[in-house]
Structures are given as structure tokens and as C-alpha cells.
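These are notes for someone opening this entry for the first time. Please read them with the sequence and the structure side by side.

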Amino acid sequence: MRAVLDLEAFVKKPGYHFAFLDENTKREIRRKILKAVAIPGYQVPFASPELPIARGWGTGGLQVTMSIIGPADVLKVIDQGCDGGVNAVNIRDFLQTTTGVQTTINTAEATIVQTRHRIPEQPMRRDQILVFQVPIPEPLRFVEPSMAKTREMHAEMDYSRMWVFLYENIVKWGEITIGARYPSMVNRRYLIDPSPIPRWDVPKLNQSDTLHLFGAGREKRIYAVPPYTLVEPLEFDDHRFRVEDFTDCRCIRCGSSSTYMNEILQAGSGAKMYVCSDSSHCDQLKAARRRNEDG
Amino acid sequence: MGYVAVSGGEDAIRRSRELVDYFRLRGESSPIEVKQIREQQRLAVDKVMGEGALYAPDIAALALKQAEGDSVEASFIVRAYRATQPRRYISKPVDTTDMQVIRRISGAFQDIPGGQILGPTRDYTLRLIDFSLLEETGASVQTFLSKLGIDPSGVGDSAPFAKVVDLLRAEGLLEEVESNEGAPSDITRENLPFPLPRSAKLQTLARGETGAMMALAYSSIRGYGDIHPYLGELRIGTVPLYLPHPDGVQTVYAGRVLVTEAEIIAQYAEGEKGCTPKLTLGYGFCFGHNELKALSMGILDRCMRSRAPVKAPAEDEEFVLTHIDGVEASGFVAHWKLPHYVTFQSTLDRLRKSQRMGE
């Protein structure tokens, strides 16, 4: 006999289903996730019902997480790399009350990490899943607003207009002007928008140990970069892809000079300072430094 | 130090939720009853039912109370509630000739069979602030109602009316639209690629945001496009709703819903070779009493079927249908309130690099 798990027992908020969505909706999303994993980088349309959180505020990532999460999972939610950002807090609270799962701010402890705009600094493992909140899933939106047309362009692998766009950028500005959401080729077949992660994080998608799931709620698309998949940011032989330059920058909290940093301006003096965007990693570096100093 | 985003979020959010209620209640006036909103803010409730895509007057009124009267926010709350409800049945198609009308007019014909029925409208009132409403009391309301002598049951006073456009159809002046037989799509269950089937188009329009649809319809009739519409007929009233019986033969009466229907007649279909020129129809239909929305929907439905080689914004199906949803549009516009430190840092990096290249 198969043991049946009583999911409702884990819900802290009475009257709501485990992880909020009903099982039929979850099943549909899981089917779409499987398709996305089977065709790396391909955008799979899904129904994307409304959630009690606003469109554009993480509803795609939420639906993916709600569909894959189980009572034994350990969840981490970050916004801009930070666990304490108000939207991260709100999303974590929503998922925690409807699932009762354990949450963490430590990347290494999490089984599922839901993120907006960052990949954690600490490399993730094969037993972890990284779920991205995606505002615009279509990398070709830069050059073509119509979804009917971009669908054809993907089908024909016709990315010529994107290449011309990048080339013209270099001619006009001397540099490719795309900061975050850098268009990248997956498995030499589909061009993806890796969500608005900085270029700093794009190389982490390549041949990674971790499954990356991308959910765009308002645009109703799911796509995936499976583990050990080739991910190549678009670049020219004579104009290479480059990540953000933090030469001579040190985090004022942990002293790191090898992490992605946000610029902050000191109140009063207006002096420019830097601080790690991944707050949990920064805390760990800071604690380690203190231990070294004490020891 | 300015770096406070790491902690404190939970407490700030909790306090902010309390403040929302504080600002709603701090005047200490007696709480508005949902029944009052449903009856006295009738058009606001109808708008929320339409845009929230759920026919539930009490829930729409409650959402308006909760949202302090913000119709976009109230529609969002209703939509999120709707998404948790199971879909059990698909009703039989509604026949609007069965409508018990409260208002019915035609702008294209002076005299229509059954007559024009003005019904409740502000169209011919002067938009002056009515200061006498400051003095409204329970007693004055009772006096007004008893003097009026209207049977509040409203039953049995309107016979079925033939549709105005059917007269044109009988004469062969109206181009027939593609057949809509077969199971309709359901845009809440399936995400379809463009061009959408007609049922999906109409569903998207029927739950669109009134203001957004009005703006796009206005752009077309003002000159961005070449649609010259007439109002064939606008009717508002209740229609009976029937569900299929599980035996597959009979139907089950489910109740009546208040709806607004607009039939827009536009001039000749753009001539295709060998076709006689005909009039074409744009169809508008929504929950509740919302004339601007039904009219805008009718105009947009017609615009999107334009065969013009160069399309105006209101004639581009994908442009119209992806931008009129109030829940999606409001969410994404508002999301710029979220932190974008990381992406902005990345933008600054590119900008500084470009500036250095230019030096």
C-alpha cells in the first residue's frame, strides 16, 4: 500500500491548500517544467492563474516554487541577493504559512532558493534548485515587441537582429549597453533572457551543478537551464563578454573584493562606498574574518 | 550606516499593514456596510465584477471596501479569489434577445422595433454637483421611493426585443463573422499564441480594464485607424443563465446576471476582390452595467479585425490584448517600486565604461 501524505497537515493558514495552488494547477506547471527541462532555453507557455501577490512581483517564480515544494524542503528567498528585502520577506512569509516548511538564509542549507535578480555567490549543488522570478522572458523583446514574431524567430533560430543590435551598440556607444538580463545562448539552440541578473552571474549558469527554473507569471512562460548545460553569453571574437568591473572596490562590511557589490552613498558626506549584494554570504565572510582576527 | 535593507523587513511590513487599516478608519465614522456599497456604489461594483472576471456583487463590494474604493486594486483582489475557485460548468450560450432590459438604445436608427428605452442614464443630466445629497436621510429616501411608484420586483415589464442588427442581417447588409461553434477556449486555463481564437479574444476584452480599453478605442475613432463606428444597439439588463444537465439533454436554470451588450456597426468591410461591400459588426459584452466598457470592447473587436495593410495600435490584436488587462498592467507598472539596486549597478557599470570609451 502506498503511504498518502496529508499535505494539509503542514498548512498553517486554515482554508488554504498546501502551497496555495490546487493540485491540478501544480500538475500543469510541473508538466510545463518537465518540458522546459527537456528543451533547455525554450519558453513554455502556461496558464499562470492570478495569485494574491501582484503581477510583476514574483508570481512566476512563486508558481514554480509552489509546484515543486514539499514538506521536507528548506526554503531560501532573496531579492537583490538579500534575504531581508521587503518583497523577499513577503514571499517567504506567504510560502511558509501555506507550506509550513523550514526556511533559511544560508544558501548551503536550502533545497530550493527563489531569487530575484541574483544568483547566490556561494556555488550551488546538484541537490538544490534555483528558481528565478522573471519580468520579461523574451530576449528578443529588445529588437521585436511582437510575441507572434519572436516565436517564429526562435523556431527558425533566427537571431540575426539581436547580433545586429549588439553590433550597433558597439558602433554607437563603444560598448554593449545591456547591463543586466544579458542575452545568452543555451545548449547552442535557444537564446534566453537569464532574468535581470547582472552579467556577473551569467557565467554561473554555464555547466552548473544546479537546476535553474525560470518563471514569468505575467508573461505566462516557464523555461529552464538544466544542470551541465552549455550557456554562452552573446559575444564577438573581437569584443568579448565582460562582467561588471569592481576593481579597487571593497565591501565595507566584510572586506570582500571578489563579490558583486552595490554602491551606497554615505549620508552627509556623499562618499561612495560598496557593500556585498548577497547579504547572507557577506555575513559569513564577516564572521570568518572575525574568527581569523580573534584566532 | 545606511545599510538597513538586510533586516527589519518583517516588522516594517506588519506595521505597514496596520497603517493601511489605520488610514481607512482613523476618521472614526461608522463602517461602510457591504450592502451599502453594493446598492449605492452600483457602477463601481459592476466595474470590479467585469475586470475581476467574477459575477459576485457581494464579493466585489467587499473588495471595494477593502481597497478603499480603488477599482484596479479591488478587481485584483477579486481576480486572485476567482483563481482559487474550481471551474465546474460551462454555461449554455446566453441569448440576449431574452434580456429583461433596463435600458436599450440605438444610435444608428431613429426608430427601432420595441422603441428606444432610455432607462437609468446620466447622459442627459447636467454634471452639476448636487448639494442636496448632503442632506439625504433615510426619511428622504423613503419619500422619494414611495412617490416614484416603481414596482421594485421589476418582473414582467419588458417583452423580448428583437436585435437591431438582425434587421440589417435579414437584408444581407451585414458581413457574417467566423463561426464560433465548438468548445470555447478558456484563457484562465490555457495560454494561447497569437492570433487568438475569437472566444479567447472576447474573453480577454470582457475582463479588460475599462480605462485602458476606452483610451485605445478613442485612439481609433479619433483617427489612428480607419474605423467609423455607429452604435447599432446598446442594451443593459438581466439575462437568464442555463447550465447543461449531466444527462446531456436538459438544461438547468442557474439564475440571472446583469450584463451590458454593445453592437457596433462599422462601415464597409475593406473590399476583398469579388466581395460585395457590407457592414461589419464589433461585439461588446461585459458583466454589470458598464456602458463605456461595452462600447470600447465593441469598437476594439471591430478594429482588431481590420484588414488594413498598415495597422494602427488599436487594430493590432497583440498590442491591444496584451495591454488592456488591469491586473497585469497595474502589477508591472507598480513593480518599479521594488528595489533594482543590482540591475542599476550593472547599468552604471555600462554607462561609466561607455563614457570612458568616449573620452
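How many residues of domain 1 of chain B are in contact with domain 2 of chain B, and how many does domain 2 of chain B bring?

1. The model is predicted. On the question just put, 13 residues of domain 1 of chain B touch 13 residues of domain 2 of chain B. On the domain 1 side, helix H3 (42-52) and helix H5 of chain B each supply at least two residues. H3(B) gives the largest share of that side, with seven residues. By class, the domain 1 side holds six nonpolar, two polar and five charged residues.

2. The two parts of chain B are bounded as follows: domain 1 covers 10-82, and domain 2 is made of 96-124 + 134-332. Their C-alpha centres are 26 Å apart.

3. Chain A is also split into domains, with domain 1 spanning 7-141 + 170-233 and domain 2 spanning 247-295. Here the C-alpha centres lie 27 Å apart. Domain 1 of chain A puts 14 residues into the contact, and domain 2 of chain A puts in seven. On the side of domain 1 of chain A that touches domain 2 of chain A, five residues are nonpolar, six are polar and three are charged.

4. Next, the contact between the chains. Chain B contributes 41 residues to it and chain A contributes 49. Four helices of chain B each supply at least two residues of the chain B side: H1 (9-25), H5 (71-82), H12 (326-334) and H13 (341-358). H13(B) gives the most, with 12 residues. The chain B side divides into 18 nonpolar, 14 polar and nine charged residues.

5. As to its overall build, chain A has six helices and 12 strands. Its C-alpha atoms fill a box of roughly 65 × 60 × 35 Å along the principal axes. The radius of gyration of chain A is 20 Å, which agrees with the value near 19 Å for a compact globule of 295 residues. Of those 295 residues, 49% count as buried. Among contacts in chain A between residues at least 6 apart in sequence, 63% join residues at least 24 apart.

6. One sheet of chain A can be followed strand by strand. It is an open sheet of three strands, in the order E7-E6-E10, with antiparallel pairing. Strands E7 (190-192) and E10 (231-233) of chain A are the edges, each pairing on one side only. Neighbouring strands of this sheet are turned against each other by 30° on average, direction ignored. Strand E6 (residues 184-186) of chain A and E10(A) pair over three bridges in the antiparallel sense. Within E10(A), Pro233(A) is the bridge partner of Ser184(A).

7. Where does Asn169(A) sit? Asn169(A) belongs to helix H5 (residues 160-173) of chain A. Asn169(A) counts as partly exposed because it has 18 other C-beta atoms within 10 Å, while a buried residue would need 20 or more. Apart from neighbours within four places in sequence, Asn169(A) is in contact with Ile176(A) and Thr177(A). Phe94(A) is 75 residues from Asn169(A) along the chain, and their C-alpha atoms are separated by 42 Å.

Notes
Residues numbered from 1 in each chain as written. Chains lettered and ligands numbered in written order. Predicted model: local features only at pLDDT ≥ 70, side-chain atom pairs only at ≥ 80, totals over all residues. Domains from an automatic or database assignment. Contact = placed C-beta atoms within 7 Å. Nonpolar A, V, L, I, M, F, W, Y, C, P; charged D, E, K, R; others polar. Buried ≥ 20, exposed ≤ 12 C-beta atoms within 10 Å, placed from the backbone. Pairing = 2+ DSSP bridges. Axes fitted to C-alpha atoms, helices over the stretch in contact; angles between N-to-C directions. Rg over C-alpha atoms; globule rule 2.2 N^0.38 Å.
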